[in-house]
Amino acid sequence: MSAPPSTVTFLTDYGPGSEHVGALHLVVAALAPQAQRIDMAHDVPAHDILQGALLLARLAPLLPGAVHLAVVDPGVGGERRGVAVALEGGGVLVGPDNGLLGLAAETMGAVAAVVLDPPLPGRPATFHGRDLFAPAAARLATGADLRALGWPIDPATLRRPDLPEPEAENGHLRAMAAGIDAFGNIQLLAGPGELARTGMERGDRIWVALTDRRHPATVARTFSDVAERAMLVFVDSHGHVAVGANGRNAARRIGAEPGDIITLGRW
Amino acid sequence: MSAPPSTVTFLTDYGPGSEHVGALHLVVAALAPQAQRIDMAHDVPAHDILQGALLLARLAPLLPGAVHLAVVDPGVGGERRGVAVALEGGGVLVGPDNGLLGLAAETMGAVAAVVLDPPLPGRPATFHGRDLFAPAAARLATGADLRALGWPIDPATLRRPDLPEPEAENGHLRAMAAGIDAFGNIQLLAGPGELARTGMERGDRIWVALTDRRHPATVARTFSDVAERAMLVFVDSHGHVAVGANGRNAARRIGAEPGDIITLGRW
Amino acid sequence: MSAPPSTVTFLTDYGPGSEHVGALHLVVAALAPQAQRIDMAHDVPAHDILQGALLLARLAPLLPGAVHLAVVDPGVGGERRGVAVALEGGGVLVGPDNGLLGLAAETMGAVAAVVLDPPLPGRPATFHGRDLFAPAAARLATGADLRALGWPIDPATLRRPDLPEPEAENGHLRAMAAGIDAFGNIQLLAGPGELARTGMERGDRIWVALTDRRHPATVARTFSDVAERAMLVFVDSHGHVAVGANGRNAARRIGAEPGDIITLGRW
């Protein structure tokens with residue numbers, strides 16, 4: 001009876017089914033043929049470090065001991081560092097130090113970090129995912145020590161993405177739309193604590209607004225608690241306050257996109 | 001020499017490369033690290049139970065012994081049951097009992113079923129894929145007995161999706177467009193038997209219509225049997241009557257979408 | 001200690017997350033349960049043999065010993081042959097002989113080839129990916145000899161895709177846009193040799209044009225070498241001359257699509 005092979009996960013803004021995702025898998029399979037490979041997400045909006053950071057921080061804890069390779073890297077080839085970060089649970093984050101890894105490192109607990117040695121000189125400098133990060137992830141998946149991959153740095157120096165703080169007071173909540181899923185549910189950068197501070201409770205009739213236009217909604221536990229096509233405000237499966245609609249697309253209805261500021265209020 | 005690891009397949013409307021697909025894989029990998037994981041399809045139109053049911057029924061028989069996890073679940077959190085269904089060939093279907101599993105269960109032969117015990121109380125109720133179905137699939141993939149997962153029910157009580165019956169008579173066929181593939185081929189809810197009943201034979205010049213507008217087509221075996229850009233009616237690789245066009249998009253040409261009623265007739 | 005399982009890679013124009021991709025995986029998993037399976041790319045534009053051939057030729061060398069299954073097959077069911085091609089590095093290409101495999105075979109070195117025996121008579125003739133190519137790839141992944149799969153042919157008879165030659169002279173380069181990635185970078189069918197022949201050097205201010213409209217750009221090593229939103233011409237990570245823009249979409253800016261002829265020139 002042998003231990004299960006170690007696992008590499010992939011999170012990028014390369015697009016589902018794209019050749020760049022394929023290249024990462026091929027490089028890892030070539031260098032670490034026994035490793036399992038798992039696609040975490042590849043539909044991060046292009047260059048959206050904040051979305052990538054939020055995604056990584058909520059998905060990586062589902063498989064804490066894995067090597068998590070994340071690439072959303074608008075500054076590739078520039079000054080930003082490439083890093084690997086050892087986590088308390090035994091896992092490692094690998095990717096650019098541009099804020100993408102900061103939230104997950106904070107959530108999961110960083111115990112050590114290195115700046116990755118650059119790929120061989122003379123190699124093209126535009127595809128660090130394939131030439132720098134995937135080889136590092138593969139080496140870690142075959143048991144290489146973090147310190148063999150580069151120069152040690154203080155994990156406290158890792159960049160954190162800029163997150164707007166939610167504003168919550170009695171009868172009122174303002175927060176950023178952090179993400180919108182395939183069904184049009186709008187995830188806000190606010191949690192149950194902020195919702196509690198507004199005093200809004202299950203069953204309350206409230207409004208949701210992106211602009212001046214107020215859309216009626218109900219504070220509820222889940223979709224089936226409201227009428228067909230009605231909007232609801234709920235705590236989603238990641239512990240975020242979210243705006244949805246039963247059987248329709250809430251984001252399209254109010255015109256929201258990731259990064260928008262959404263306001264909830266009592267009538 | 002050991003048996004190959006057991007396999008979990010995934011069919012959802014979450015969208016290719018989405019974080020929700022990633023979450024299912026991560027949960028299964030965490031609980032059943034030896035299991036193989038295969039993406040069956042993730043581009044089912046959102047909330048389209050009928051399309052999902054048709055897909056599951058034609059793909060699952062390609063790997064009959066696997067655990068097939070399927071989630072198209074507009075009523076998540078409501079009254080519909082979460083179930084696992086043991087199949088004659090040794091495989092299992094796991095997902096919501098809203099019609100999604102009914103066709104595959106019928107095609108492959110259901111021998112037992114259980115209503116899945118709910119996820120731990122206090123957990124958010126909006127992501128049953130991750131919190132209810134994936135853990136159940138993982139436990140089955142590690143050899144857990146179906147009866148350990150929930151309360152036994154009669155497989156005959158599983159819901160079946162509503163399928164419109166095709167109408168076939170001499171020189172005439174009416175059937176629903178069940179699906180449209182990436183190349184614009186329109187798959188009809190009708191088989192070779194219905195086509196035979198129309199008396200149409202290979203080489204016959206017929207018409208295809210969505211509205212009053214009749215488009216010329218030829219009954220053929222395959223694309224290369226008709227002229228470049230010409231339309232054809234053929235029996236597709238899943239045994240469905242289908243409408244295609246040689247080197248162009250038939251669905252776009254006649255304006256068809258899944259769920260539309262298509263008519264074929266002899267001039 | 002056992003050898004890692006052999007690997008099957010998949011490159012198609014089926015679309016990411018589509019049921020057709022799922023079907024290939026299921027067939028290979030059923031026939032070769034020990035094989036690893038890797039998605040190379042599934043977003044090849046529909047029926048675009050040239051794009052598929054370029055992709056295959058740059059990705060397959062990343063994992064030279066694998067069985068590479070490629071399907072971009074507008075002529076399915078017609079006269080084109082289905083083939084398997086043994087490569088110098090121990091790998092095999094499997095797919096239609098319509099030009100798709102020709103570049104990779106040339107780049108990696110073909111040592112033998114067979115025309116695949118057709119699928120069982122009476123099977124529908126429209127899904128060779130599932131019924132012909134995937135079973136052949138699976139058999140190869142379990143160690144079957146190439147010669148057991150079909151009739152030997154001379155690898156020199158394999159079709160090559162039609163590639164337009166770049167035109168390079170002093171201060172001037174004309175080449176086809178071979179591909180455009182998710183970030184809008186335009187990859188040209190020209191390499192560092194052609195760029196050298198133009199005499200253009202790093203730091204030179206040049207123009208890029210699709211029509212009469214000339215867009216200013218700089219010859220550079222990587223994105224961060226030019227100002228925010230500025231365009232650059234560089235040698236990309238696959239060794240192609242490419243047109244990009246720092247933090248914006250170059251293809252959208254100049255209106256380029258794959259297959260367009262792009263001109264670069266000195267002011």
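## Salt bridges between the chains

In this predicted model, the interface of chain B and chain C has a count of 1 salt bridge. The partners are C:Glu19 and B:Arg58, whose side chains meet with an N to O distance of 2.5 Å. Between chain B and chain A the count is likewise 1 salt bridge. Here chain B contributes the acid: B:Glu19 meets A:Arg58, again at 2.5 Å from N to O.

A further pair links the remaining two chains. A:Glu19 forms a salt bridge with C:Arg58, and the closest N and O atoms are 2.5 Å apart. Because A:Glu19 lies in helix α1 (residues 19-31) of chain A and C:Arg58 in helix α2 (residues 49-59) of chain C, this pair joins two chains. In general, side chains of opposite charge can pair when their charged atoms come close. Over all chains, the structure holds 30 salt bridges.

## The interface of chain B and chain C

On this side, 30 residues of chain B are in contact with 28 residues of chain C. The two chains bury about 2,300 Å² between them, and 59% of that area is on carbon and sulfur atoms. Three residues, B:Leu62, B:Phe183 and B:Ser237, supply 25% of the area that chain B buries against chain C, which is more than any other three residues supply.

Polar contacts also cross this interface: the rule finds 6 residue pairs, with both residues at pLDDT 80 or more. As for secondary structure, β2 (36-41), α2 (49-59) and β13 of chain B each supply at least two residues of the side that touches chain C. Among the elements of chain B, β2(B) gives the most to this side, with 6 residues. By class, the residues of chain B that touch chain C divide into 14 nonpolar, 9 polar and 7 charged.

## The interface of chain B and chain A

Toward chain A, 28 residues of chain B are in contact with 32 residues of chain A. The area buried between chain B and chain A is about 2,400 Å², with 59% of it on carbon and sulfur atoms.

Across the interface of chain B and chain A, 6 residue pairs are in polar contact, both residues being at pLDDT 80 or more. Helix α1 (residues 19-31) of chain B gives the most to the side of chain B that touches chain A, with 9 residues. That side has 14 nonpolar, 10 polar and 4 charged residues.

## Relation of the copies

Two copies of a chain are related by a rotation about an axis and a shift along it. For chain B and chain C, a rotation of 120° with 0.0 Å of shift along its axis gives superposition at an RMSD of 0.0 Å. These two copies are thus related as by a three-fold rotation axis. Within chain B, the C-alpha nearest the axis belongs to B:Pro16, at 3.5 Å from it. Only 7% of the interface residues of chain B are also interface residues in chain C, so the copies meet through different surfaces.

Chain B is superposed on chain A by a rotation of 120° with 0.0 Å of shift along its axis, also with an RMSD of 0.0 Å. For this rotation axis too, B:Pro16 comes closest of the residues of chain B, its C-alpha lying at 3.5 Å. Chain B and chain A use different surfaces, as 7% of the contact residues of chain B recur in chain A.

## Strand pairing in chain B

Strand β11 (residues 205-209) of chain B and strand β12 (residues 214-219) of chain B run antiparallel and are joined by 5 bridges. A hairpin through 4 residues connects β11(B) to β12(B). Within this pairing, B:Arg205 has B:Thr218 of β12(B) as its bridge partner.

β12(B) also pairs with strand β13 (residues 231-235) of chain B, in the parallel sense and over 2 bridges. There B:Thr218 stands opposite B:Leu232 in β13(B). B:Thr218 thereby takes part in both pairings, with B:Arg205 as one partner and B:Leu232 as another. β13 of chain B returns to the subject of the interfaces, being one of the elements that supply at least two residues of the side of chain B that touches chain C.

Terms used
Residues are numbered from 1 along each chain as its sequence is written. Chains are lettered from A and ligands numbered from 1 in the order in which they are written. This is a predicted model: local features need pLDDT of at least 70, side-chain atom pairs count only at pLDDT 80 or more; totals for chains, interfaces and linings use all residues. Side-chain values use heavy atoms; hydrogens and water are left out. Copies are superposed by least squares on the C-alpha atoms of residues with pLDDT of at least 70 in both. Contact means heavy atoms within 4.5 Å. Two strands pair if DSSP finds at least two bridges between them. Buried area is the accessible area (1.4 Å probe) that two parts lose on being put together, summed over both. A salt bridge is a side-chain nitrogen of Lys or Arg within 4 Å of a carboxyl oxygen of Asp or Glu. A polar contact is a pair of N or O atoms within 3.5 Å; within protein, one must be able to donate a hydrogen and the other to accept it, and residues adjacent in sequence count only if both atoms are side-chain atoms. Ala, Val, Leu, Ile, Met, Phe, Trp, Tyr, Cys and Pro count as nonpolar, Asp, Glu, Lys and Arg as charged, and the others, Gly among them, as polar.
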